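Open the model in your viewer and keep the sequence panel visible. The stops below say what to select and what is there.

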Amino acid sequence: MTHKVNTPEAGPAGTDTAPYRTIDRLREAMAAGFGTGVSPLALGMALIDWSAHLAAAPGKRLELADRAARETAELMAHIAALATDPKAEPVIRPGPQDRRFAAAAWQNPPFSIWVQGFLLARQWWHEATHDVPGTDPHYENLLSAMVRQWLDMASPANLPFTNPEIIARSMQTAGLNHLAGMRNWFEDMARLAAGKPPVGTERFRVGHEVAATPGKVVFRNHLIELIQYAPATETVLAEPVLLIPAWIMKYYILDLSPENSLVRHLVQAGHTVFCLSWRNPTADDRDLTLDDYRRLGVMAAVEAINAILPGRGIHAAGYCLGGTLLAIAAAAMAGARDDRLASVSLLAAQTDFTEPGDLALFVDHDQLHSLENAMRQRGYLTAEQMLGAFRFLRSNDLVWSRMVRAYLMGEREPMTDILAWSSDSTRMPYRMQDEYLRRLYLENALAGDRLRADGRPVALRNLRAPIFAVGTEEDYVAPWRSVYQLHCLSDAELTFVLADKDHLAGIIFDPSQPGSHYRIATRGPDDTCLPPEDWLRAAAWREGSWWPAWSGWLARHSAAERVAPPGIGAAAAGYPVLEDAPGSYVRQR
């Protein structure tokens, strides 16, 4: 008699389940194409979890009813006070980051009343979706974010008959602003359908207006091009700098317009600079792994620089996910007693994902399952899917305000180098992106020493090279308190900077522009790990950009004697000059 064996790939009677799983995956992949980045099932579970616990919490319901009654009474009293005092104090004001109602016209009735009603409703729903006893914190945050999106969609600022700025513009132009807005809409839709970038990006050409620092491509493999930049000083520091951008972006965020170029700043400060330029993957790259990015990216660049400049330590610096990848590679090198890194700099890069910021809204088992199926079908995560998540998180700045200006006011937002760069994004291979989200965001494997490289555990505590880490005050991608947790994961000397602005502007900021500031403090190898709030009170406050402070820190951790600038590439060692910067990979669409 033949006995059937029950395995994970077979049903109770030994039935092959693969065809049925394929049907599920196809359905989920199709559903993902119509979403906004949030799984409908995850949102449904969040709604059920919240409503069930709210139904079981009579005290919370009474609290919400009392709040609604009080806020309504306060608004009615304010409306009555306006009859005798047009300058009556409002019941509620917008937050400091909310610029939708900044114009003077919003301070006059009836517009001021509509704004206060909207803000009170937004505040009430925030209270309604938070602190419901027993609610799962992840579902609470997800539902609260969705409710905020729905409310912001109906903001008085987004409607032509409740926005005084649109009304005034319509009167000034005799309604021609709406005609211009319609023309802008048709133009944008035509470009979107044709796969063209937004209007105005043609003024920022790669290799001309942006990514224009002189240099040569000296190495290329399937995943990266390595650019070596031409020196700008008669002598240079002996140790070169290697820049590692995130793989979700074109590298020239670090080499924007000349006045905003971190690469140019380093070169002019006397550093020999190398930079990775990631290849834009296709469906054929679907099986590239996170470890492939470490080996073919960071480690291949280290090998190339070591051959071009033998015997010299390397100052490695990673931005955003490039910093996370650098931390993995540096910890793996330290575990193997590879001391080729003279220092490690992590710019807005997380190593502990316990508090990963607003992107955690998109990371749970259900949403990663849906995303995995969408990526499996294409072989990669599209740039639009990634951009959709960022637009969701900052819809007021990235969606509604721009739509109001372009389609209702009839005015084009001036194109800038950063806006042009943000429309020139990259894809992410299916397997690598799935590993990254699961292993780092969901499982926090890096902070828990559960990643492996070359057969060894990756442990950040093995790092001995000095570390320079930067967080930014308004970062919603890598919150500074999350970036700060590296203090508790490594015993190396660590200089931490808290810069102003956000994930982009806090890192890419012209040092010559006034109005910026940062805090800085260094923790020695034997010092204790302070809580973030204690560090904030103790750190030195300084005006200006942190760029010169970092350049000076690199110089202090370099050899004292400067040397003549090295040649570009090393043909004899197998690293000839291949082409001029910015190379070929950055031009891939």
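**Chain end and cis bonds**

Begin with proline 582, which sits in the segment after E15. Helices (H or I, at least four residues) and strands (E, at least two) are DSSP runs, numbered from the N terminus. This is a predicted model, in which local features need pLDDT of at least 70 and side-chain atom pairs count only at pLDDT 80 or more, while totals for chains, interfaces and linings use all residues. Residues are numbered from 1 along each chain as its sequence is written, and side-chain values use heavy atoms, with hydrogens and water left out.

Add alanine 581 to the selection: a cis peptide bond joins alanine 581 and proline 582, with omega about 15 degrees. Then go to proline 110, in the loop between helix H3 (58-82) and helix H4 (111-128). Proline 109 and proline 110 are also joined by a cis peptide bond, here with omega about 0 degrees. Most residues other than glycine have a negative phi, and most peptide bonds are trans.

**Two positive phi values**

Select asparagine 444, in the loop between H15 and strand E9 (452-453). Phi of asparagine 444 is near 50 degrees, a positive value in a residue other than glycine. Asparagine 444 is buried, at 16% relative accessible area. Buried means under 20% relative accessible area, exposed over 50%, and partly exposed in between (1.4 Å probe, protein chains only).

Next take lysine 501, in the loop between E12 and E13. Its phi, near 70 degrees, is likewise positive in a residue other than glycine. Lysine 501 counts as partly exposed, at 21% relative accessibility.

**The sheet**

Show the strands. An open sheet is formed by 11 strands in the order E14-E13-E12-E11-E6-E5-E3-E4-E2-E1-E15, with mixed pairing. Two strands pair if DSSP finds at least two bridges between them. Strand E14 (540-543) and strand E15 (579-580) stand at the edges with a single partner strand each, so one side of each has no neighbour in the sheet.

Select strand E5 (residues 314-319) and strand E6 (residues 341-347), which pair in the parallel sense over six bridges. Alanine 316 has valine 344 in E6 as its bridge partner. Now add helix H18 (residues 547-556), which packs on the sheet and touches strands including E5, E6 and strand E11 (467-472). Contact means heavy atoms within 4.5 Å. The direction of H18 makes about 165 degrees with that of E6; axes are lines fitted to C-alpha atoms, for helices over the stretch in contact, and angles run from 0 to 180 degrees between N-to-C directions.

**The nonpolar cores**

Which residues have the most contacts inside the largest nonpolar core? They are Leu226, Leu242, Leu243, Trp247, Trp546 and Trp550, in a core of 148 residues. A nonpolar core is a set of buried Ala, Val, Leu, Ile, Met, Phe, Trp, Tyr and Cys residues joined through side-chain atoms within 4.5 Å. Leaving aside neighbours within four places in sequence, leucine 242 is in contact with residues including Leu226, Phe274, Ile305 and Ala316. Apart from the largest core lies another, of 10 residues, among them Phe101 and Phe118.

**A helix pair**

Finish with helix H11 (residues 365-378) and helix H15 (residues 430-442), whose axes come within 9 Å and cross at roughly 170 degrees. H11 and H15 are therefore roughly antiparallel. The contact includes His365, Leu368 and Met375 of H11 and Tyr430, Leu437 and Arg438 of H15.

Methods
Angles under 35 degrees count as roughly parallel, over 145 as roughly antiparallel, 65 to 115 as roughly perpendicular and the rest as oblique.
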